[in-house]
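Q: Please take a close look at one part of the structure shown below. I should like a connected account of that part and its surroundings, in terms suited to a first-year student.

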Amino acid sequence: DVDSMEKQFEDSFDIGAAVELYQLEGEHGEILKHHYSSVVAENVMKPLYIQPEEGEFNWEEADQLVEFANEHDLELRYHTLIWHNQVPEWFFLDEEGNEMVEEEDPEQQEANKELLLERLETHVKTVVERYKDDVDAWDVVNEVIDDGGGMRETEWYQITGDEYIKTAFHTAREYGGEDAKLFINDYNTEINPKRDDLYDLVKEMLDEGVPIDGIGHQAHIQLDWPTIGEIEESILLFDELGLETHITELDVSLYGYPPEPAFETYEDIPEEAFERQAERYHQLFSLYKSLDDAITSLTFWGIADDHTWLDDRAEEFNDGVGKDAPFVFDVDKKVKPAYWAVMSDE
Ligand code: XIL
């Protein structure tokens, strides 16, 4: 039984993991209970699963995670109230069943916007009312800035402009109360122009009184990208806005993006790659610990190397070839060099 990460970081920040429900049991569950103080759903709290049809809420799986968190005294992050992926189509269909788009007719545009914002409000209100006593932090909106900077041109944005963001935060505050911690979450928050555009958006919204409490840096990173300096600068930048900082989806891929060349199987990954990864984790956690006045929670986007969404990208880009290994526990749920690097006091 190796020392618990939760204990190691108890004076610094919560340590969390994203989970699928099957991982609440067995070896994953044991690791979760021993090493972590926080948990988040990898999928089951996203709009697609929570409200697959209008007005038909599916609480079953979300409830199971909530119960587990309560039973084992884990913090719970809610991911995510609003997103452009894993959102059911019906949100964007008008009363006739046609896809709503950006309209030239201002009256039609206004009608679509009203309908979509009403659906958004109902979704946020219903979820927040149900779980407000269980959830410690809410990802209210996810990935609203485009990779190249500027607003991401999603259906949400085309139909409502940035009002969907404001409405989401205001509704979460209204039904979650003053204690609800409301986060805006995104990836590549270290990289310009995306970083500064996100900063400007948040600043503008704060100035307008939109209740944003925290910034979630996803931190899907690689062995030497972004640089440690870029990671530090970005955390400090958002911290200066007075926001709370969460690292929400940490994983350290062995590959670039798109992931090529790839090690075909786990056994093909040379020890040297794990050592390089351990150095990266060491560098990273030294930084995170030094910034623990800003950072209150740090979540890995998974538990062990046997289950990582990064492997889906091999399907997408590489004919299914390639195994990634982003975590501090290996495919057999044993500690890796990265674990010792994270736990090191040096
Ligand atoms: C991913 C899940 O890990 C996958 O299982 C699913 O198929 C797609 O979504 N950024 C996010 C997360 O905010 O919700 C994504 O999770 C990973 C990228």
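A: Two strands are said to pair if DSSP finds at least two bridges between them. The model considered here is predicted, and the part chosen is strand β5, which covers residues 182-186.

Consider the partners of this strand first. Strand β4, made up of residues 137-142, pairs with β5 in the parallel sense, over four bridges. Within this pairing, Val 141 has Ile 184 of β5 as its bridge partner. Strand β6, residues 214-217, is likewise joined to β5 by four bridges, and these two strands run parallel. Here Ile 184 has Ile 215 of β6 as its bridge partner. Ile 184 is thus bridged to Val 141 and also to Ile 215. To pass from β5 to β6, the chain goes through helix α8, residues 194-207, in a right-handed β-α-β crossover.

The loop between β5 and α8 contains Pro 193. The peptide bond leading from Asn 192 to this proline is cis, with omega near 10°.

Next comes the question of cover. In a regular strand, side chains alternate between the two faces of the sheet. In β5, Leu 182, Ile 184 and Asp 186 lie on one side, while Phe 183 and Asn 185 lie on the other. Both faces are covered, and five of the five residues of the strand are buried.

Leu 182 also leads to the nonpolar surroundings. Ala 172 is in contact with Leu 182, and its other contacts, leaving aside neighbours within four places in sequence, are Leu 81, Val 124, Val 128, Trp 138, Val 140 and Ala 180. Nonpolar side chains tend to be buried together in soluble globular proteins. The largest nonpolar core of this model has 82 residues, and Ala 172 is one of those that touch the most other members, a group that includes Leu 81, Trp 138 and Val 140. Apart from this core lies another, of six residues, including Leu 254 and Ile 269.

Finally, the partner strand β4 is followed by a loop that leads towards α6, and Glu 143 is placed in that loop. Glu 143 has a positive phi, near 60°, in a residue other than glycine. Is Glu 143 buried or exposed? Glu 143 counts as buried because 20 other C-beta atoms lie within 10 Å, and the cut-off for that class is 20 or more. Asn 142 is among the residues around the ligand, together with Glu 42, Asn 43, Gln 218, Glu 249 and Trp 309. This shell divides into one nonpolar, three polar and two charged residues.

Terms used:
Residues are numbered from 1 along each chain as its sequence is written. This is a predicted model: local features need pLDDT of at least 70, side-chain atom pairs count only at pLDDT 80 or more; totals for chains, interfaces and linings use all residues. A nonpolar core is a set of buried Ala, Val, Leu, Ile, Met, Phe, Trp, Tyr and Cys residues joined through C-beta atoms within 7 Å. A residue is buried if 20 or more other C-beta atoms lie within 10 Å of its own, exposed if 12 or fewer, and partly exposed in between; C-beta atoms are placed from the backbone. Two residues are in contact if their C-beta atoms, placed from the backbone, lie within 7 Å. A residue is near a molecule or strand if its C-beta atom, placed from the backbone, lies within 6 Å of it. Ala, Val, Leu, Ile, Met, Phe, Trp, Tyr, Cys and Pro count as nonpolar, Asp, Glu, Lys and Arg as charged, and the others, Gly among them, as polar. A crossover is right-handed if, with the strands pointing away from the viewer, the path from the first strand over the helix to the second runs clockwise.
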